[in-house]
Amino acid sequence: MLAVRNLAVRYGPIQAVRDLTLEVRPGEIVALIGANGAGKTSAVKAIAGLLPHTGTVSLGGQPLPRRAEYALRAGLALVPEGRGILGQMTVAENLRMGGYARRDRAGLEAAMEEQMRRFPILEQRRDKLAGLLSGGEQQMLAIGRALLSQPRLLVLDEPSLGLAPIMAARIFALVEELRATGVAILLVEQKARQVLKIADRAYVLETGTLRASGTASELAARGLLADAFLGTVTQAPPPA
Amino acid sequence: MLLQQLVNGLTLGAVYTLVALGFSLVMGVLGVLNLAVAELFMLGGYVGLSLILADYPVAVAIAGAALVTAVLGVVVEKVAYQPLRNAPPIAPLLSTLGFSVIFQTAATNIWGSDPLLMPPDLLDARYRVGSVSVGQAQLLVMATAVVLVAALALLMRHTRFGYGLRAIAENRDVARLLGVPAPLVTSGAFALSGALAGVAGVQIGLHYSAITPYVGVEVGLKAIAVMVVGGTTNIWGVLLAGPLLGVLEVMTVALGGAAFRDMTVYGLMILTLLVRPQGLLGRAGGAQRV
Ligand SMILES: Nc1ncnc2c1ncn2[C@@H]1O[C@H](COP(=O)(O)OP(=O)(O)OP(=O)(O)O)[C@@H](O)[C@H]1O
Ligand SMILES: [Mg+2]
């Protein structure tokens, strides 16, 4: 599905990601974990076509376009860090934006209704400005919106950021549900322990470099998680 | 008398509104002031008036002006903005200032610095409603503005282009992640902005029965005031502030004399910046991006 080889991202003199190689196979949930500033966001923004980078990214065997608007059309949807809700638009308009690249009007209407059924709270708030939703509601809207583009790969950048534990748990449960629908998922998180309960495999990033990768139990056995994270999971999440 | 001034003020306000919308569209999408809009307005007036003098119908003159200024708007984008995307905001501001001067000089060279006059018998019918007399030209100016504003509102709410534009205005990266072809939509915004300014230029020509190379500076600055009072990127605020400032200006002249003409308009702009920086209808906390 997704194959990333030797990805490198720099901001002027700062090398945010170096030589990152990773893979997400069909039907998998793959976690990308790392502490603050490890380079997770930079990596997924580069993959999604928002940041200049070197290295290769392919989806389903084809090179992924290097510009976000075309990467989306190739089947990659990124829910960005901070959710990327368009706060001046209504909930329904945000959902409609999710189908911006679609040509099938009838299909889009039906798919919007499907997401509203999946998230009844969005149906209730459909004509409210999306900026007025709570953090958890916004995250559901962001995920529902991303699904409207019918992605083959869904990339979520810290979906639990700033959410109460119960809401974070709901989001993780939702991610598991989504896998069952056939979409592959790349999940960026700091909350390593929770993520590893649902992820098939994980990659651990540390100051821009891949530190380890493997299944949850493999990583735990090698003691790498404690090293890379347990210091950070106890920190209070920053406000959204 | 007061009612008559109100009608005159609303006519002027209609012109200010369209030019302000021209500024506001680009401001919304890129967060930068496109000073060239003021001179596209002036050029629109010249193109429109030239077509009228060549005996084309007014509707053709308006469409022709809109087309020319839309194309020039895109030229401004390609030359003054796109290469400077990652430069500090002052850079594109200055390059559009450069375009303004070039447009003005070009107009002076082509049409001369004396006013270009409209045929005296064009749209000169007047209608009396009670004590108020409304000119045919005035009616046309107001009607075009109402139609264009309504069309713009529909475009923003109900078309893919409108959705894309609003998304980019709010967050360019998010819009791109959702599949909005940002460069294309941005060019579209510049074209639309130019077209609105161009139509407004024909309107001012009809209203004043003349056009000069300096009308862009005069009206353009007022349109910026309208935009600031309305709340930079807030279309509805602009719709309120345009007529308001038009009426305010006309009333100031009627009651206080021509010497005070621009003082109240710009005074209101400064007052807005001081006490309500987000503009009449802008949201609190959303500071103006000029
Ligand atoms: N726009 C930018 N300009 C310069 N440096 C940046 C920029 N964005 C990120 N960086 C730097 O790149 C490094 C990686 O940042 P990135 O946001 O990718 O990390 P992250 O793993 O997503 O962190 P977090 O968990 O806090 O979201 C950091 O050192 C950061 O300071
Ligand atoms: Mg991040």
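# A guided tour of a predicted model

Student: Which residues lie nearest the centre of the second largest pocket?

Tutor: Welcome! Keep in mind that this is a predicted model. The second largest pocket has a lining of 14 residues. Those nearest its centre are Arg85(B), Asn86(B), Arg172(B), Arg176(B) and Pro183(B).

Student: Which elements give two or more residues to the lining of that second largest pocket?

Tutor: The pocket has a volume of about 370 Å³. The elements giving two or more residues to its lining belong to chain B. They are α3 (58-81), α7 (172-177) and α8 (182-208).

Student: How many residues of the lining of the second largest pocket are charged?

Tutor: Let's split the lining by class. Four of its residues are nonpolar and three are polar. The remaining class, charged, has seven.

Student: What is the volume of the largest cavity?

Tutor: A search for cavities of 30 Å³ or more finds one in the structure. Its lining includes Leu72(A) and Pro80(A) from chain A, along with Val174(B) and Leu178(B) from chain B. The volume of this largest cavity is about 80 Å³.

Student: Which elements give two or more residues to the lining of the largest cavity?

Tutor: Both chains appear in the answer. By class, the lining has 10 nonpolar residues, one polar and one charged. The elements that give two or more of the lining residues are α7 of chain B, and β6 and α6 (135-147) of chain A.

Student: Which helix gives the most to the largest nonpolar core?

Tutor: That core has 93 residues, and Met97(A), Phe23(B), Phe41(B) and Leu206(B) touch the most other members. With 15 residues, the top contributor is a helix of chain B, spanning residues 2-30. That is helix α1.

Student: Where is Phe23(B) in contact with residues beyond its neighbours within four places in sequence?

Tutor: One group of its contacts is Leu33(B), Asn34(B), Leu35(B), Val37(B) and Ala38(B). Further along chain B, the contacts are Gly220(B), Ala223(B), Ile224(B) and Met227(B).

Student: How many residues are in the other core that lies apart from it?

Tutor: Members of this other core include Ile33(A), Leu147(A), Val195(A) and Ala199(A). It lies apart from the largest nonpolar core, and its residues number 46.

Student: Which residues are the protein donors of the magnesium ion (ligand 2)?

Tutor: The donors lie 1.8 to 2.0 Å from the ion. One sits in helix α1 (residues 40-48) of chain A and the other in the loop between β6 (76-79) and α3 (91-98), so the pair, 40 residues apart, links distant parts of the chain. They are Thr41(A), through OG1, and Glu81(A), through OE.

Student: Why does Glu81(A) count as partly exposed?

Tutor: Partly exposed covers the range between buried, under 20%, and exposed, over 50%. Glu81(A) falls in that range because its relative accessibility is 39%.

Student: Is Ser58(A) buried or exposed?

Tutor: Ser58(A) is found in strand β4 (residues 54-59) of chain A. Beyond its neighbours within four places in sequence, its contacts are Met1(A), Leu2(A), Ala3(A), Pro63(A) and Leu64(A). Because the limit for that class is under 20% and Ser58(A) has a relative accessible area of 19%, it is buried.

Student: What separates the C-alpha atoms of Val199(B) and Leu84(B)?

Tutor: Val199(B) belongs to helix α8 of chain B and is buried, at 5% relative accessibility. Leaving aside neighbours within four places in sequence, it is in contact with Leu18(B), Ile62(B), Ala66(B), Thr144(B) and Leu148(B). Leu84(B) is 115 residues away along the chain, and the C-alpha separation is 28 Å.

Student: What is the relative accessibility of Val265(B)?

Tutor: Look in helix α11 (residues 261-275) of chain B. There Val265(B) is in contact with Lys222(B), Ala225(B), Leu245(B), Leu248(B) and Glu249(B), leaving aside neighbours within four places in sequence. Val265(B) counts as buried because its relative accessibility is 0%.

Student: What is the phi of Arg83(A)?

Tutor: Arg83(A) lies in the loop between β6 and α3 of chain A, and it is buried at 6% relative accessibility. Its phi is positive although the residue is something other than glycine, with a value near 80°.

Student: What is the phi of Asp19(A)?

Tutor: Find Asp19(A) in strand β2 (residues 14-24) of chain A. Asp19(A) is not a glycine, yet its phi is positive, at about 50°.

Conventions: Residues are numbered from 1 along each chain as its sequence is written. Chains are lettered from A and ligands numbered from 1 in the order in which they are written. This is a predicted model: local features need pLDDT of at least 70, side-chain atom pairs count only at pLDDT 80 or more; totals for chains, interfaces and linings use all residues. Side-chain values use heavy atoms; hydrogens and water are left out. A nonpolar core is a set of buried Ala, Val, Leu, Ile, Met, Phe, Trp, Tyr and Cys residues joined through side-chain atoms within 4.5 Å. Buried means under 20% relative accessible area, exposed over 50%, partly exposed in between (1.4 Å probe, protein chains only). Helices (H or I, at least four residues) and strands (E, at least two) are DSSP runs, numbered from the N terminus. Contact means heavy atoms within 4.5 Å. Donors are N, O and S atoms within 2.8 Å of the metal (3.2 Å for Na, K and Ca); water is not among the atoms, so sites may look incomplete. On a 1 Å grid over the protein atoms alone, a cavity is a set of points where a 1.4 Å probe fits but cannot get out, and a pocket is an open set with protein on both sides within 12 Å along at least five of seven lines; lining residues have an atom within 4 Å of a point. Grid points are joined across faces, edges and corners, and a volume is the space filled by probe spheres set on the points. Ala, Val, Leu, Ile, Met, Phe, Trp, Tyr, Cys and Pro count as nonpolar, Asp, Glu, Lys and Arg as charged, and the others, Gly among them, as polar.
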